[in-house]
Amino acid sequence: MAVACGLTLATSCIEEYDPQQGYASADQAGSAPNSYQNFVDGITANLAGQFTMQGSETIPYDYGYPSFFLMRDVMGQDIALDDAGNWYNAWYTCSTGLGPRYLIAQYPWTYYYGWIKNCNTVISLAGAEPSEEHKAGAGIAYAMRAMFYMDLARMFANATYGLNKEAETVPIITESTSVDDLTNNPRATNEAMYAFIISDLDKAEQYLADYKRTDKYTPDLSVVYGLKARAYLIMEQWADAEKYAKLAQQGYSLMDEATYTSRETGFNTPNNAWMFAIQTKASDPCMTMNDADASWGSIMCLEVNGSGCGYASSYGYQLLIDRHLYETIPATDFRKKCFVDFAIDELGSAEEKIAALEAYSDYPDWVYSSGYEGEGYEGVGGLSLKFRANGGDEGHNNQYIGFLVSIPLMRVEEMYLIEAEAAGMQEESRGIQLLTNFAKTRDPQYVYGLHNEAYGNSSTSQFQNEVWWQRRVELWGEGFATFDIKRLNKGIIRSYANSNHLETYRWNTQTPPDWMNLCIVQTETNYNLACTNNPAPIAPTGDSEEFVW
């Protein structure tokens, strides 16, 4: 690792990932016992739970891959913060910290290129023609590298592939990139990046053809199909997106209401809809240090009050569903049960409110205290109960059990929605039928055509708006919001009558806001002379005029 002290920070200097040390040599790595499999396991073993960036137990967004879900999702409209002091406020408020000179810009660079380094090591060890013994590991490495670069491309490009193939993404570093190349390594265009991603996924598809995994914490062939479906959706190659989304569905089934809204296993335990996941482990630093407060469970699980710990459950820092999005969900759609009704705040006494919360939780008094006794927000309307604590009653009383949750990275529901959108972009009537079939599994009374909100522009058809609405509700909090806004060239709407977004941050835009185009950390552009950068985003100066739906 190199230490870079040239950034403008409150503290002296930060530890930066040095791409010149991008991967271990074959001699170094090959000399250790079981080295190859250890490197393969390392690709997915540490995606969550490690304090990789600052090494600080007190930074509850430094715990790995799922933290980026929230960084991205709060940039849009579908998640409102409860308080300006929320840990994710930099991304929600378009903080100056998003600029290239600041520590926040370092987070995706350090994490993602570190993960890519792990993939490059395995690919280097496996060689150009992996042996039978090495094929599965190589396939996992190629699949994961493609996933990481796809994320980076969508975070850093100022236009998605369908809008501008020449828009710049990030520099590509592979197992064969030389040290000399790193000082003159330009950002790949969308076209070049996605050609690289598809090439990696082609190799992964080949090498994982016969691989049988033992759990859902490593990718298999179905996940490769799912990643291809995502990539081809972004590329607007509709036939291929439909093909691979359909292939990815094989062997899985949609979550039913009981599974989706389960008070014990809801979005904390893999089921037959989950295709790929990560798991918080008891030995992870985010669990062993600082009362497990710097963990996904601390941020997302409300019902762990027995210990008095957890940002969502005890300290009053929750992530809320956007009020307008909530109000567009019909009462007959079971997904609405994952979010507390704003009407409960209009009830008179605490006792009445707690009684009403029994419809959402077996711990209604704890949900009440989460909403009314925290730092900022005073209310329960919009609180999310989608992501439940683990471990039954014991977990609800002990965060060291309750926060040991699994987190989905890919679900079959996403594949159904990709299939529907891709089909409909070829033949709209077919897409409408597929979308309707899916929506009726959530809302038996679903009627197509009720969710055609253009959000300030008409860049997409009624059909794509309907698919987008389903994605927003189905995948809330799972890291897709910003990606979809950019892909569909949508604006955001935070300012409207009765909005629950924080005042002074109620911004409306016609197109994707600039703060969704992340800046490359300045030290990269200082040393990589061919690397350009996105401009530092500038926050709007005040609330926008209220949008009228």
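**Figure 1. Lys135 and its partner in helix H6.** Lys135 is partly exposed, with a relative accessible area of 25% (buried is under 20%, exposed over 50%, partly exposed in between, with a 1.4 Å probe and protein chains only; the areas come from the Shrake-Rupley method, with only the protein chains shown counting as cover). Keep in mind that this is a predicted model, in which local features need pLDDT of at least 70 and side-chain atom pairs count only at pLDDT 80 or more, while totals for chains, interfaces and linings use all residues. Residues are numbered from 1 along each chain as its sequence is written, and side-chain values use heavy atoms, leaving out hydrogens and water. The side chain of Lys135 meets Glu132 in a salt bridge, at 3.0 Å from N to O (a side-chain nitrogen of Lys or Arg within 4 Å of a carboxyl oxygen of Asp or Glu). Why are the two separated by about one helical turn? They sit 3 residues apart in helix H6, residues 132-156 (helices are DSSP runs of H or I with at least four residues, strands are E runs of at least two, numbered from the N terminus). Glu132 counts as exposed, with its relative accessibility at 65%.

**Figure 2. Another salt bridge in H6, between Arg154 and Asp151.** Here the closest N and O atoms of Arg154 and Asp151 are 3.0 Å apart. Again the spacing is 3 residues within helix H6, so Arg154 and Asp151 are about one helical turn from each other. Arg154 is buried, at 13% relative accessible area, and Asp151 is buried too, at 2%.

**Figure 3. Met155, in helix H6, and Trp515.** Now look at Met155, which also belongs to helix H6. Met155 has a relative accessible area of 3%, so it is buried. Its C-alpha lies 10.0 Å from the C-alpha of Trp515, although 360 residues separate the pair in sequence.

**Figure 4. Arg411 and Glu478 tie together parts that are 67 residues apart in sequence.** The salt bridge between Arg411 and Glu478 brings their closest N and O atoms to 2.7 Å. Arg411 comes from strand S6 (residues 406-411), and Glu478 from the loop between helix H20 (462-474) and helix H21 (481-487), which is why the pair links parts 67 residues apart. Arg411 is buried, with just 1% relative accessible area. Glu478 counts as buried as well, at 6%. Salt bridges with shared partners join this pair into one network with Asp333, Arg335, Lys386, Glu413, Arg442 and Glu474. Across the protein, the count comes to 29 salt bridges.

**Figure 5. Ala423 in helix H18.** Ala423 is part of helix H18, residues 412-424. Is Ala423 buried or exposed? Its relative accessible area is 0%, so Ala423 is buried. From here to Asn437, 14 residues along the chain, the C-alpha separation is 13 Å.

**Figure 6. Positive phi angles at Asn290 and Ala292.** Most residues other than glycine have a negative phi. Asn290 is not a glycine, yet its phi is positive, at about 55 degrees. You'll find Asn290 in the loop between helix H11 (285-288) and helix H12 (296-300), where it counts as partly exposed at 26% relative accessibility. Ala292, placed in the loop between H11 and H12, has a positive phi of about 65 degrees, again without being a glycine. Ala292 is buried, with a relative accessible area of 0%.

**Figure 7. A patch of negative charge on the surface.** Which residues gather in the patch? They are Glu503, Asp543, Glu545 and Glu546. Patch residues have over 30% relative accessible area and no salt bridge, with like charges joined within 9 Å and nonpolar side chains (Val, Leu, Ile, Met, Phe, Trp, Tyr) within 5 Å. Lys and Arg count as positive and Asp and Glu as negative, with His and the chain ends not counted; each charge is placed at NZ of Lys, CZ of Arg, CG of Asp or CD of Glu. Asp543 lies in the segment after helix H22 (522-527). At 38% relative accessibility, Asp543 is partly exposed.

**Figure 8. Stepping back to the whole chain.** The protein has 22 helices and 6 strands. Its C-alpha atoms fill a box of roughly 70 × 55 × 50 Å along the principal axes. The radius of gyration is 22 Å, which agrees with the value near 24 Å for a compact globule of 549 residues (taken over C-alpha atoms, the rule being 2.2 Å times the number of residues to the power 0.38). Of the 549 residues, 60% count as buried.

Notes
Areas by Shrake-Rupley, 256 points an atom, 1.4 Å probe, with all protein chains shown as cover.
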